[in-house]
Amino acid sequence: MSASLRETNIKKLRKKNFDVCIVGGGINGAVSAAALSAQGAKVALIDKGDFASSTSSQSSNLAWGGIKYLETWEFPLVWNLCRSRNHLANSYPSTVKEIRFLTTIERGFRFPPLFIYLGSLLYWVMGRFQTRPPIYLSKRRLAKREPKVETSDARAAIEYSDCYLHDNDARFVFGFVRGSLDFGTVAANYVESQKAERVDGSWRVSATDGINGEAINIRAKVLVNACGPEVDLYNQASDEATDYRHVFSKGVHLVVDRVTETNRILAFFASDGRLFFVIPMGPKTCIGTTDTREPDPYVEVTNEDRDFILKNANEMLKLDKPLTRADIIAERCGVRPLAVTGSDSTTDWVSLSRSHTVEADRNHSHVSIFGGKITDCLNIGEEVAEEVEKMGIDLPHKGHRWYGEAIEEIRNKFFFQAARMGLDEMTNPCSCEPLSERLWRRYGSAAFEMLESIRKDPRNAECMIENAEYLRCEIEQTGRREMITKLEDFLRRRSKISLVVRRDSLIKSEGLREACDVLFGDTAEQKWNEYFEITGKAL
């Protein structure tokens, strides 16, 4: 169903002339498209895969102020990240929520616990007191507060606050893509650009439809390279020189069945001295991350990564039985692209700044976005819009708000209607939170359509897929509005189903079969076989 939206947009990509073409649909490209289109620019957005299919779907799901950068004395970076975190949380109160971190300090650590506690107080101050204050916990209090933590070698612990994304990172990124579509952006996933070139004062972007192989040529006055880890490669192909470049840090997370009942994030310093998290993910737990320098952006999980994470988790937690590779339900693996200048940055690798840089070449009407993270995404959108305007692109609706949840009046109207129809009283075993809260968080004002669907037929409030928090009406609306081109797009990025349900359970799911029919209609069998790598006759 959503393929029709994609097909319509591909036709528009061929026919229209754009003010701006954005290559890359991760968080940097998504916020750029949303900011520019809301302010009146004619925008094209393409990605060689699905939206948020690279680094933007492989994070820790955290929106944090960068407490670890206090150790490297990057106070301006922490100050700005805390401000960005607060702004993001205030703009998306249903999605970006405060969560407590519990950090264990073991004997022999490079700083004494009291010093770290003072650092957490400074972090709270730099966070403008928006979160709950930090707490110092003795070894005895730590054991009582979190019995799953191994305390035999602990000296003390610090509890402090940061923020996290309630659903997942890719879902949050797509919200900006969907918002840009509402403002007129012509976006299409699975459209790969090999290169772009300047012709008569404008850009000609050569691309290929990844579904049928047909060529697509896009014309735009300004080109924004938001290719994430592949920014350098795309600039090289387009003969665009920049001062900045990327180096890469591989991060790996493993998803296992929930190992603790706490709703806190347990933070430790792993055996190599770097931060290590045990993050609640509904009925599951996400464990990681690694921080390994890589020569290029193309990485995968190795057994060394798996064993490092499992070993640290087993040593830091009191588990009924040790975690093994067999316990892994899903894996997250990606690179953090770090912006650097100069010929080499091998010294003090871990301390390299995680801040972003928007580099503009006004002579060529070209913008490259280096680095970036979800915490700081709203600033990136604003900065790109400012640079594009300086390149002569008129923004007739400059200052129009392009982010955030709907105004309180609309939100109140939604919850009033949901209450009047008894939505939260409906039997729904697939959710541990009120349906009204979940629908509003995921879809905002678009959730009104779901209320109407449920009014017409209460069966639309039933779960369609076993062990997954998705209603029949959600699947139908997702098919209409969210440009799902492959089954993986839905299972991994519009939702996190494939992160919390094992593959062997998914392939047996009759509900997923039905959802596939709703999403893809006549091509459902093909999409099913493609995802599960089935050849020949279907199951």
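User: Where is Thr289 found?

Analyst: Thr289 is in the loop between strand E14 (284–288) and strand E15 (292–294). Strands are DSSP runs marked E of at least two residues, helices are runs marked H or I of at least four, and both are numbered from the N terminus. The peptide bond leading from Gly288 into Thr289 is cis, with omega near 15 degrees.

User: How do you know which values to use?

Analyst: This is a predicted model, so local features need pLDDT of at least 70 and side-chain atom pairs count only at pLDDT 80 or more, while totals for chains, interfaces and linings use all residues. Residues are numbered from 1 along each chain as its sequence is written, and side-chain values use heavy atoms, with hydrogens and water left out.

User: What makes Asp239 stand out, and where does it lie?

Analyst: Asp239 is not a glycine, yet its phi is positive, at about 55 degrees. Asp239 sits in the loop between helix H7 (231–237) and strand E11 (245–257).

User: Why is H2 called roughly parallel to H6?

Analyst: Helix H2 (residues 27–38) packs on helix H6 (residues 169–182) at an angle of about 30 degrees, with axes 8 Å apart. Angles run from 0 to 180 degrees between N-to-C directions, and the axes are lines fitted to C-alpha atoms over the stretch in contact. Under 35 degrees counts as roughly parallel, over 145 as roughly antiparallel, 65 to 115 as roughly perpendicular, and the rest as oblique. H2 is therefore roughly parallel to H6. H2 passes H6 in a left-handed crossing. That word applies if the near helix is turned anticlockwise from the far one by less than a right angle; clockwise is right-handed.

User: Which residues make the contact of H2 with H6?

Analyst: H2 brings Ile27, Ala30, Val31, Ala33, Ala34 and Ser37, and H6 brings Val173, Phe176, Val177 and Ser180. Contact means heavy atoms within 4.5 Å. The residues divide into 8 nonpolar, 2 polar and no charged. Nonpolar covers Ala, Val, Leu, Ile, Met, Phe, Trp, Tyr, Cys and Pro; charged covers Asp, Glu, Lys and Arg; the others, Gly among them, are polar.

User: Why are H3 and H4 called oblique?

Analyst: Helix H3 (residues 75–91) packs on H4 at about 55 degrees, with their axes 9 Å apart. That angle falls in none of the other classes, so the pair is oblique. Phe75, Val78, Trp79, Cys82 and Arg85 of H3 meet Leu122, Tyr123 and Met126 of H4. By class that is 7 nonpolar, no polar and 1 charged.

User: What makes H12 oblique to H13?

Analyst: Helix H12 (residues 448–456) and helix H13 (residues 472–481) pack at about 135 degrees, with axes 10 Å apart. That value makes H12 oblique to H13. Their crossing is right-handed. Glu449, Met450, Ser453 and Ile454 in H12 meet residues of H13 including Cys473, Glu474 and Arg480. This contact has 3 nonpolar, 2 polar and 5 charged residues.

User: How do you know how many cavities there are?

Analyst: A cavity is a set of points on a 1 Å grid where a 1.4 Å probe fits but cannot get out, and lining residues have an atom within 4 Å of a point. The search of the whole structure finds 2 of 30 Å³ or more. Volume is the space filled by probe spheres set on the points.

User: What lines the largest cavity?

Analyst: Its lining includes Arg85, Ser120, Trp124 and Tyr160. The volume is about 50 Å³. H4 gives the most to this lining, with 3 residues. The lining divides into 4 nonpolar, 3 polar and 2 charged.

User: What lines the second largest cavity?

Analyst: Among its lining residues are Arg258, Leu266 and Val278. The volume is about 40 Å³. Strand E13 (residues 275–281) gives the largest share, 3 residues.

Note on methods: On a 1 Å grid over the protein atoms alone, a cavity is a set of points where a 1.4 Å probe fits but cannot get out, and a pocket is an open set with protein on both sides within 12 Å along at least five of seven lines; lining residues have an atom within 4 Å of a point.
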